[in-house]
Amino acid sequence: MDKNDITAIVLAGGRGTRMGGVDKGLQLFNGRPLALQAKQRLASQVGRVIINANRNLDTYRTLGSDVYPDDDAEFAGPLSGFAVGLAHCQTPYLLTVPCDSPRFPIDLAHRLAINMQKDLEQDDYDIAMAAQGGWTQPVFCLIKRTLLPDLLEFMASGKRKIDAWTAQHKTVIVNFDAPHDDPLAFANVNTVSELSALQQQT
């Protein structure tokens with residue numbers, strides 16, 4: 001799979017409730033907004049990076065990517081960001097990453113992609129999902145663009161859990177537990193203190 005076949009979306013559309021309601025994607029990590037940190041880690045991995053945000057859209061646009069809000073104002077969670085990404089994706093695949101895990105792997109797209117394609121005698125997987133330490137990381141997914149209608153139907157039924165949706169499709173779990181992998185690759189920050197602690201470990 002060529003990297004130009006993949007569009008990545010940085011998910012920055014949440015309420016940031018546990019961080020006091022601030023716009024999490026604009027909080028600084030090593031002097032850079034979290035959303036910019038994510039974009040820069042993705043730059044060499046994919047053909048295009050877009051951002052899903054629901055506040056401060058003009059500020060996000062200064063980061064140099066197209067910015068798309070959710071289709072409604074309900075802050076419906078990561079799946080809403082998935083839907084936004086698939087709707088604006090012009091490539092066969094969409095890679096999803098949250099804005100609040102600033103140490104995600106710089107080879108994330110490649111490793112998900114190579115595991116998504118089975119041998120020639122079988123159909124490819126629809127979704128590749130990252131995992132580490134025995135825990136899946138459902139906001140880190142590589143998804144076929146053709147799944148958009150199914151996702152919209154799932155959300156229209158009122159469902160919001162990522163793993164409930166991915167379970168309906170051929171999904172491969174890709175482990176990032178090699179000796180060289182960062183054990184904090186998927187650590188996410190939900191509070192100011194967690195942000196500070198992770199920054200100190202960088």
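Me: In this predicted model, where buried means under 20% relative accessible area, what is the relative accessible area of D100, and is D100 buried or exposed?
Reply: A residue is taken as buried when its relative accessible area is under 20%. The area computed for D100 falls under that cut-off, so D100 is classed as buried, its relative accessible area being 10%.

Me: With which residue does the side chain of D100 meet in a salt bridge?
Reply: Side chains of opposite charge can pair when their charged atoms come close. For D100 the N to O distance in the salt bridge is 2.9 Å, and the partner is K24.

Me: How many residues apart are K24 and D100, and in which loops do they lie?
Reply: K24 is found in the loop between β1 (6-12) and β2 (28-29), whereas D100 belongs to the loop between β6 (93-98) and α4 (108-116). The pair therefore links distant parts of the chain, and K24, which counts as buried at 13% relative accessibility, is separated from D100 by 76 residues.

Me: Which residue meets D66 in a salt bridge, and what parts does the pair tie together?
Reply: D66 lies in the loop between α2 (57-61) and β5 (67-68), while its partner is in strand β4 (residues 48-53), so the pair ties together parts that are 18 residues apart in sequence. The N to O distance of this salt bridge is 2.7 Å, and the partner of D66 is R48.

Me: Are D66 and R48 buried or exposed, or do they fall in between?
Reply: The relative accessibility of D66 is 41%, and that of R48 is 24%. Values between the cut-offs of 20% and 50% fall in the intermediate class. D66 therefore counts as partly exposed, and R48 likewise counts as partly exposed.

Me: Which residues are joined into one network by salt bridges that share partners?
Reply: D107 and R111 form a salt bridge in which the closest N and O atoms are 3.3 Å apart. D107 counts as partly exposed at 27% relative accessibility, whereas R111 counts as buried at 12%. Through shared partners, the network joins D107, R111 and D181.

Me: How far apart in space are V22 and K3, C-alpha to C-alpha?
Reply: V22 lies in the loop between β1 and β2 and counts as partly exposed, with 30% relative accessibility. V22 and K3 are 19 residues apart in sequence, and their C-alpha to C-alpha distance in space is 33 Å.

Me: How many salt bridges does the count come to?
Reply: The rule asks for a side-chain nitrogen of Lys or Arg within 4 Å of a carboxyl oxygen of Asp or Glu. Among the pairs that satisfy it are K24 with D100 and D66 with R48. By this rule the number of salt bridges is 7.

Methods: Residues numbered from 1 in each chain as written. Predicted model: local features only at pLDDT ≥ 70, side-chain atom pairs only at ≥ 80, totals over all residues. Heavy atoms only, no water. Helix = DSSP H or I, 4+ residues; strand = E, 2+ residues; numbered from the N terminus. Buried < 20%, exposed > 50% of the residue type's maximum accessible area, 1.4 Å probe, protein only.
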